[in-house]
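Please consider the following structure with attention to its nonpolar cores, its helices and its charged side chains.

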Amino acid sequence: MAELVIEQDVLAVMEQDAVSAFPNECCGFFFGKEEGESRLVLEVIPVENTKEGDQRRRFKIEPESYMKAEKYAFSKGIALLGIYHSHPLHPAIPSEHDRSQAMPWFSYIILSVEEDAILDVTSWQLNNNREFEKETIKQL
(Lines give C-alpha, C1' and ligand atoms only; values in the text may rest on other atoms or scores of the structure.)
Protein backbone atom coordinates (compact mmCIF):
# COMPACT_ATOMS: atom_id res chain seq x y z
CA MET A 1 0.00 0.00 0.00
CA ALA A 2 1.03 3.55 -0.65
CA GLU A 3 2.09 6.05 1.94
CA LEU A 4 0.09 9.29 1.89
CA VAL A 5 2.13 12.41 2.50
CA ILE A 6 -0.18 15.31 3.37
CA GLU A 7 0.75 18.92 3.88
CA GLN A 8 -0.68 20.33 7.12
CA ASP A 9 -2.67 23.11 5.40
CA VAL A 10 -4.33 20.54 3.09
CA LEU A 11 -5.25 18.32 6.02
CA ALA A 12 -6.60 21.38 7.83
CA VAL A 13 -9.12 21.95 5.01
CA MET A 14 -10.44 18.38 5.43
CA GLU A 15 -10.57 18.75 9.21
CA GLN A 16 -12.44 22.07 8.99
CA ASP A 17 -14.92 20.55 6.54
CA ALA A 18 -15.53 17.63 8.94
CA VAL A 19 -16.09 19.91 11.95
CA SER A 20 -18.31 22.30 9.95
CA ALA A 21 -20.49 19.47 8.61
CA PHE A 22 -20.92 17.80 12.02
CA PRO A 23 -23.20 16.00 12.88
CA ASN A 24 -23.43 15.09 9.18
CA GLU A 25 -20.75 13.46 7.06
CA CYS A 26 -18.62 15.70 4.89
CA CYS A 27 -16.93 14.60 1.69
CA GLY A 28 -14.53 15.78 -0.96
CA PHE A 29 -11.69 14.98 -3.32
CA PHE A 30 -7.95 15.19 -2.88
CA PHE A 31 -5.32 15.58 -5.57
CA GLY A 32 -1.58 15.26 -5.93
CA LYS A 33 1.26 13.25 -7.40
CA GLU A 34 2.65 9.77 -7.03
CA GLU A 35 6.33 9.51 -6.19
CA GLY A 36 7.41 5.87 -5.97
CA GLU A 37 5.48 4.27 -3.10
CA SER A 38 4.27 7.65 -1.85
CA ARG A 39 1.28 9.72 -2.82
CA LEU A 40 1.85 13.41 -2.17
CA VAL A 41 -1.47 15.13 -1.39
CA LEU A 42 -1.25 18.73 -2.65
CA GLU A 43 -4.83 19.96 -2.91
CA VAL A 44 -8.28 19.22 -1.57
CA ILE A 45 -11.72 20.26 -2.77
CA PRO A 46 -14.70 19.80 -0.46
CA VAL A 47 -17.94 18.88 -2.23
CA GLU A 48 -21.56 18.85 -1.18
CA ASN A 49 -22.90 15.72 0.47
CA THR A 50 -26.02 15.15 -1.66
CA LYS A 51 -27.23 12.04 0.17
CA GLU A 52 -30.98 12.21 0.65
CA GLY A 53 -32.11 11.34 4.14
CA ASP A 54 -29.72 10.72 7.01
CA GLN A 55 -26.38 12.34 6.20
CA ARG A 56 -25.06 11.43 9.65
CA ARG A 57 -24.18 7.93 8.41
CA ARG A 58 -23.79 8.27 4.63
CA PHE A 59 -22.49 10.58 1.98
CA LYS A 60 -23.08 10.83 -1.74
CA ILE A 61 -21.04 12.62 -4.38
CA GLU A 62 -22.83 13.36 -7.64
CA PRO A 63 -21.36 11.95 -10.89
CA GLU A 64 -20.98 15.52 -12.22
CA SER A 65 -18.68 16.30 -9.29
CA TYR A 66 -16.46 13.34 -10.23
CA MET A 67 -16.26 14.60 -13.80
CA LYS A 68 -15.37 18.11 -12.63
CA ALA A 69 -12.69 16.66 -10.34
CA GLU A 70 -11.15 14.65 -13.20
CA LYS A 71 -11.16 17.72 -15.46
CA TYR A 72 -9.62 19.84 -12.68
CA ALA A 73 -6.84 17.29 -12.13
CA PHE A 74 -6.12 17.09 -15.85
CA SER A 75 -6.01 20.89 -16.19
CA LYS A 76 -3.55 21.18 -13.28
CA GLY A 77 -1.34 18.26 -14.34
CA ILE A 78 -2.03 16.37 -11.12
CA ALA A 79 -3.89 13.17 -10.25
CA LEU A 80 -7.21 12.67 -8.53
CA LEU A 81 -5.87 10.47 -5.72
CA GLY A 82 -9.01 9.80 -3.76
CA ILE A 83 -11.95 10.78 -1.63
CA TYR A 84 -12.18 11.88 1.96
CA HIS A 85 -15.20 11.79 4.23
CA SER A 86 -15.99 12.02 7.90
CA HIS A 87 -17.43 9.58 10.41
CA PRO A 88 -19.27 11.69 13.01
CA LEU A 89 -19.02 10.07 16.45
CA HIS A 90 -17.62 6.87 14.91
CA PRO A 91 -14.11 5.48 14.42
CA ALA A 92 -12.11 6.31 11.29
CA ILE A 93 -12.58 2.77 10.00
CA PRO A 94 -14.35 2.05 6.69
CA SER A 95 -17.82 0.59 6.86
CA GLU A 96 -19.10 -2.21 4.65
CA HIS A 97 -20.96 0.47 2.69
CA ASP A 98 -17.66 2.36 2.22
CA ARG A 99 -16.04 -0.81 0.89
CA SER A 100 -18.89 -1.65 -1.47
CA GLN A 101 -18.72 1.85 -3.02
CA ALA A 102 -14.91 2.04 -3.19
CA MET A 103 -12.91 2.02 -6.41
CA PRO A 104 -9.51 0.40 -6.87
CA TRP A 105 -6.50 2.72 -6.96
CA PHE A 106 -8.20 5.51 -4.97
CA SER A 107 -7.14 6.27 -1.42
CA TYR A 108 -9.92 6.88 1.08
CA ILE A 109 -9.23 9.25 3.96
CA ILE A 110 -11.67 8.97 6.87
CA LEU A 111 -11.83 11.56 9.64
CA SER A 112 -13.41 10.58 12.95
CA VAL A 113 -15.05 13.75 14.26
CA GLU A 114 -16.99 14.95 17.28
CA GLU A 115 -18.62 18.34 17.75
CA ASP A 116 -15.48 20.47 18.02
CA ALA A 117 -12.59 18.08 17.38
CA ILE A 118 -11.01 15.59 15.04
CA LEU A 119 -10.38 12.34 16.92
CA ASP A 120 -8.48 10.38 14.28
CA VAL A 121 -7.52 10.44 10.59
CA THR A 122 -6.84 7.24 8.64
CA SER A 123 -6.46 6.29 4.99
CA TRP A 124 -7.41 3.08 3.24
CA GLN A 125 -7.02 1.48 -0.18
CA LEU A 126 -8.61 -1.61 -1.69
CA ASN A 127 -6.36 -4.61 -2.26
CA ASN A 128 -6.81 -7.21 -5.02
CA ASN A 129 -9.43 -9.03 -2.91
CA ARG A 130 -11.53 -5.84 -2.59
CA GLU A 131 -10.64 -5.60 1.09
CA PHE A 132 -9.41 -2.37 2.65
CA GLU A 133 -5.80 -2.10 3.77
CA LYS A 134 -4.68 0.76 5.94
CA GLU A 135 -2.25 3.24 4.43
CA THR A 136 0.39 5.14 6.37
CA ILE A 137 -0.21 8.88 6.68
CA LYS A 138 2.76 11.20 7.02
CA GLN A 139 2.08 14.89 7.73
CA LEU A 140 4.38 17.62 6.48
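The paragraphs below treat the cores, then two helices, then the charged residues.

The model is a predicted one. Its largest nonpolar core comprises 19 residues, and those with the most contacts inside it are Phe29, Phe31, Ile61, Leu80, Ile83, Tyr108 and Phe132. Two or more residues of this core come from each of β2 (27–35), α2 (63–76), β4 (79–88), β5 (107–114) and β6 (117–126). The greatest contribution is that of β2, which supplies three residues. A second core, separate from this one, has 15 residues, including Leu4, Ile6, Met14 and Tyr84. Beyond residues up to four places away in sequence, Phe31 touches a set of residues that includes Leu40, Leu42, Ile45, Ala69, Tyr72, Ala73, Leu80 and Leu81.

Helix α1 (8–21) can be examined for its length and for its sidedness. Its 14 residues should span 20 Å at 1.5 Å a residue, and the end C-alpha atoms are 20 Å apart, which agrees. Buried in α1 are Val10, Leu11, Met14, Asp17 and Ala18. These residues lie on the same side of α1, because they cover an arc of only 120° around the axis. On the face turned away from that buried side, α1 carries the exposed residues Asp9 and Ser20. Helix α2 also has 14 residues, and its first and last C-alpha atoms are separated by 20 Å, close to the 20 Å expected. After α2 comes Gly77, with a positive phi near 70°.

The loop between α1 and β2 contains Glu25. Glu25 is buried but has no salt bridge; Arg57, the nearest side chain of opposite charge, is 5.8 Å away. Since a salt bridge requires a nitrogen–oxygen distance within 4 Å, the pair is not counted as one. Among the residues in contact with Glu25, apart from neighbours within four places in sequence, are Asn49, Gln55, Arg57, Phe59, His85 and His87.

Five salt bridges are counted in the model. One of them joins Lys76 to Glu43, with the closest N and O atoms 3.9 Å apart. This pair links distant parts of the chain, as Lys76 belongs to helix α2 and Glu43 to strand β3 (residues 38–47), 33 residues apart. Lys76 counts as partly exposed because its relative accessibility is 46%, and Glu43 counts as partly exposed at 22%. Asp54 and Arg56 form a salt bridge with an N to O distance of 3.0 Å. Another, at 3.8 Å, is formed by Glu62 and Lys60.

Note on methods: Residues numbered from 1 in each chain as written. Predicted model: local features only at pLDDT ≥ 70, side-chain atom pairs only at ≥ 80, totals over all residues. Heavy atoms only, no water. Core = buried A, V, L, I, M, F, W, Y, C linked by side-chain atoms within 4.5 Å. Buried < 20%, exposed > 50% of the residue type's maximum accessible area, 1.4 Å probe, protein only. Helix = DSSP H or I, 4+ residues; strand = E, 2+ residues; numbered from the N terminus. Contact = heavy atoms within 4.5 Å. Expected span 1.5 Å × (residues − 1). Lys, Arg positive; Asp, Glu negative; His and termini not counted. Arc of directions from axis to C-beta.
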